[in-house]
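Colleague: Could you take me on a close look at one part of this model? I'd like to start from a single residue and work outward from there.

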Amino acid sequence: MSARVIAWVTLFIACCIAAFAYASVTPTFDAPSKWRVYLCVVLGVLGLFLTLLMPRFSGWRLPIFGIWMPAILLRFMLFPTAPSDDVNRYLWEGHLLANGISPYAQTADAESLMEYRDDFWQAMNHKDKPTAYPPLAELGFAVVVSMAYNPLTFKAFFVAADLLTLAAVLSLLRRRGLSQAYAGFYAFSPVVLIAFAGEAHFDAWMLAALVWAVWAAEVGRQKLAVVLISIASGVKWVTLPLLAFFVIRGFAGLKKMEGQPLACPQIGESSKDRSCEDLVPPTSSKYNICEAVTDISSYIFISLLILIIPGLCFWNSLPALFEGLFQFGGTRSFNGPIYDSLLSGCELPRDVCTAIVGGLFAGVLLWRWSVREAFTLDAHCRWVIGSLIVLSPTVHFWYLAWMLPFVCLRPSLPWLVLSVTSGTYFYVWINDAWGLSAAQRWMFWAPFFVALVYEVWSTRGRVIFPLRRDVAEPVSVSIVIPTLNAAYQLGGALASVARQSRAPLEVICVDAGSVDTTLEITNRSELPLRVLEAPQGRGQQIAAGIEAARGTWICVLHADAVLADSALENFVRSVKTDPAVMGGAFGQRFEENQAELLLIELLNDVRGLFSRTSFGDQVQFYHRESALRHELMPKQPLMEDVESSWRLREAGGFLFLNQPCEVCHRSWKASEWLTRFRLVMRLVSRYRFARLRSRERAKSLSESLYQEYYNKGK
């Protein structure tokens with residue numbers, strides 16, 4: 001059994017123990033135990049490593065054994081956790097509605113409802129306030145109550161919806177060519193586990209409808225997408241700002257392709273030899289626009305039906321709903337980082353604080369609307385939901401679950417850090433007065449904002465304002481292989497290219513004066529292969545290959561690396577989906593499963609995923625036009641991979657696919673790996689400090705680092 005499998009199984013067992021322990025110390029939802037804080041944080045850390053150390057499952061085994069089975073078992077472990085007191089309101093109001101009484105007609109403490117007071121009523125919070133749940137949610141409560149008047153029934157329904165969300169995330173990851181291991185950021189998060197399997201919050205319904213709406217829009221089922229986003233908005237109104245993005249999506253797509261022929265299949269593309277004529281849409285602009293107007297009208301009609309019809313069931317008492325929304329959302333605040341800073345720190349009146357955060361959120365909406373056609377729906381969801389959480393006056397820990405499906409599609413260090421530090425929330429049951437102290441709020445939010453500042457600084461703001469390219473541009477891939485006396489390994493690299501399910505347009509070997517049989521191997525290859533000559537040094541060689549390439553995308557494959565059979569197919573799916581991607585890396589695993597090399601693999605993955613910095617043996621890729629325009633590949637002998645990563649993240653979107661290639665481990669001998677590790681870290685650190693001063697200083701340092709690396713590193 002490999003070191004990675006042993007580590008992963010150990011982590012999973014520890015995760016199960018922590019989940020079971022959390023359920024054990026939570027016999028009531030308000031149990032005042034510090035262990036809830038500690039165990040939530042432990043679950044968060046273990047869940048992250050469980051995702052990052054995912055074993056090499058192949059094909060269908062990854063989602064089954066790596067995601068589904070662990071996710072279901074962890075939810076089973078947390079199922080005994082006492083549900084939130086919110087469930088009492090779900091039960092009681094659903095019971096009222098099942099008996100023909102509107103929950104909006106009076107507050108829960110009304111004397112007219114004396115006969116319905118039971119144990120769930122006794123445990124309900126805020127009996128003196130009107131309910132704030134939307135009509136569609138209330139109808140859902142009534143359906144569940146009609147099956148069984150028991151909190152566990154709600155918990156079962158919410159866990160089922162939670163697993164539906166996980167299924168949508170896995171499907172989206174597969175469609176986009178990203179590693180399905182990323183679904184672990186949702187499946188193993190303590191926020192999700194405790195919110196749904198533990199405390200049973202109805203947000204699970206809203207989230208499942210929202211994520212499946214994104215999936216439906218991505219596969220072209222626009223009406224289904226509008227139905228689902230309308231259901232999500234009807235269950236919980238936080239998704240209402242996203243409704244227009246889904247409704248207008250179909251019109252934008254048709255308008256963009258009016259009269260434009262679609263791209264012909266590239267060499268090796270799985271297209272069953274369709275002709276280009278088969279891919280041309282109708283050329284009549286009038287037809288397309290009329291069809292789009294008809295469709296958008298039907299989308300609006302469908303959405304209004306879903307949102308309005310449930311309200312008609314409560315027509316006489318519905319005005320009380322808006323009073324409930326105001327009392328819960330307009331007169332109270334808790335743990336909102338911006339709102340609390342304005343209210344307590346700046347001592348501004350509550351109305352002014354509300355106006356400021358409302359204006360900021362409106363600004364985010366207008367900005368995302370102005371670029372609605374330029375980016376993917378999940379990107380808009382990330383921004384709108386993320387801004388809503390940060391700017392909201394009240395932020396409970398389970399609100400973070402709204403973001404995590406979208407974090408799986410584009411991993412984000414700030415939100416993953418927050419999913420761990422959110423365990424601080426459970427101090428509310430320990431403090432003398434309900435709430436968090438200033439220090440506890442800092443523990444909750446400060447790491448998030450530190451990570452956010454790092455992302456903005458390291459990308460020079462591109463994480464907020466990414467450039468975009470034309471996704472209608474045909475995708476063709478040129479593979480560039482820098483070689484120097486690489487005869488021993490080159491055959492394996494070329495064989496892996498030949499096995500690709502989607503063949504590249506060309507392979508370019510850029511040789512720096514090999515004196516072994518490297519050139520003979522290239523001459524024997526049956527691939528569409530060219531050989532170029534360039535000065536010694538990978539930076540110079542790769543730059544020459546990029547300049548000579550004919551493909552729209554460049555993959556840089558080292559001679560000692562082997563691509564997975566579906567690597568290029570997954571890569572093409574990824575770059576076709578997201579117009580903000582300008583480059584990135586595949587990932588890397590050593591061919592031998594040495595225990596001491598597991599740390600190297602983990603650090604490389606973390607660096608690529610969160611700092612957008614990759615090494616050459618992780619198979620870097622670039623949009624060729626962007627690489628030439630921004631000089632992404634420096635002509636220097638060493639650190640060209642690190643430098644190109646930094647230039648890429650400063651110029652546009654960096655994507656870490658986590659679809660690892662296999663690389664030779666010979667340079668990491670078991671007896672000397674620590675010495676080599678220290679050497680690499682020291683050289684990278686020296687280069688980093690030089691780079692902070694200027695690119696020119698870093699480039700000049702590269703020459704001396706090259707000599708030091710190849711004299712001591714081998």
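**Valine 507 and its surroundings**

Modeller: Happy to! Let's begin with valine 507, which is buried, with a relative accessible area of 0%. Please keep in mind throughout that this is a predicted model. The residue belongs to strand β2. Leaving aside residues up to four places away in sequence, valine 507 touches Ile479, Ile481, Leu494, Val497, Leu527, Pro528, Leu529 and Arg530. One of these contacts, valine 497, is 10 residues away in sequence, and the C-alpha to C-alpha distance between valine 507 and valine 497 is 8.6 Å.

Now the strand itself. How many of the residues of strand β2 are buried? For β2, residues 506-511, the count is 6 of 6, so the strand is largely enclosed by the rest of the structure. In general, side chains of a regular strand alternate between the two faces of the sheet. Here both faces are covered: on one side Glu506, Ile508 and Val510 are buried, and on the other Val507, Cys509 and Asp511 are buried as well.

What does β2 pair with? Strands of a sheet pair through backbone hydrogen bonds, in a parallel or an antiparallel sense. Strand β1 (residues 477-483) and β2 run parallel and are joined by 6 bridges. Within that pairing, isoleucine 479 stands opposite our starting residue, valine 507 in β2. Isoleucine 479 is also among the residues that valine 507 touches.

Stepping back, there is an open sheet of 7 strands with mixed pairing, and its order is β3-β2-β1-β4-β8-β6-β9. Its edge strands are β3 (529-533) and β9 (653-656), each of which pairs on one side only. From one strand to the next, the twist averages 25 degrees. Further along the sheet order, strand β4 (residues 553-556) and strand β8 (residues 620-623) pair over 4 bridges in the antiparallel sense. In that pair, tryptophan 553 stands opposite histidine 623 in β8. A helix packs here too: α27 (residues 640-651) lies across β6 (581-585), β8 and β9, and runs at about 40 degrees to β8.

The loop leading to β8 deserves a pause. Most residues other than glycine have a negative phi. Valine 619 has a positive phi of about 60 degrees although it is not a glycine. Valine 619 lies in the loop between α25 (595-610) and β8. Is valine 619 buried or exposed? Valine 619 is buried, with a relative accessible area of 1%. There is another such case at asparagine 335, where phi is positive at about 65 degrees although the residue is not a glycine. Asparagine 335 sits in the loop between α14 (319-329) and α15 (337-345), and asparagine 335 is buried, at a relative accessible area of 2%.

There is also an open sheet of 3 strands, with the order β5-β10-β7 and mixed pairing. Here the edge strands are β5 (561-562) and β7 (588-590), each pairing on one side only. Strand β10 (residues 661-663) and β5 pair in the antiparallel sense over 2 bridges, with valine 562 opposite glutamate 662 in β10.

To round things off, let me turn to helix packing. Two packed helices are described by the angle between their axes and the distance between the axes. For helix α1 (residues 3-24) and helix α2 (residues 34-52), the axes come within 9 Å and cross at roughly 155 degrees. That makes α1 roughly antiparallel to α2. The crossing of α1 and α2 is left-handed. By class, their contact has 16 nonpolar, 1 polar and 2 charged residues. Among the residues that meet are Trp8, Leu11 and Phe12 in α1, and Leu39, Leu43 and Leu46 in α2.

For helix α10 (residues 203-218) and helix α11 (residues 222-235), the axes come within 8 Å and cross at roughly 160 degrees. These two helices, α10 and α11, are therefore roughly antiparallel to each other. The crossing of α10 and α11 is left-handed. The contact of α10 with α11 has 16 nonpolar, 1 polar and no charged residues. The residues that meet include Trp205, Trp212 and Trp215 in α10, and Leu224, Leu228 and Ile231 in α11.

Terms used. Residues numbered from 1 in each chain as written. Predicted model: local features only at pLDDT ≥ 70, side-chain atom pairs only at ≥ 80, totals over all residues. Heavy atoms only, no water. Axes fitted to C-alpha atoms, helices over the stretch in contact; angles between N-to-C directions. Parallel < 35°, antiparallel > 145°, perpendicular 65-115°, else oblique. Left-handed = near helix turned anticlockwise from the far one by under 90°. Contact = heavy atoms within 4.5 Å. Nonpolar A, V, L, I, M, F, W, Y, C, P; charged D, E, K, R; others polar. Buried < 20%, exposed > 50% of the residue type's maximum accessible area, 1.4 Å probe, protein only. Pairing = 2+ DSSP bridges.
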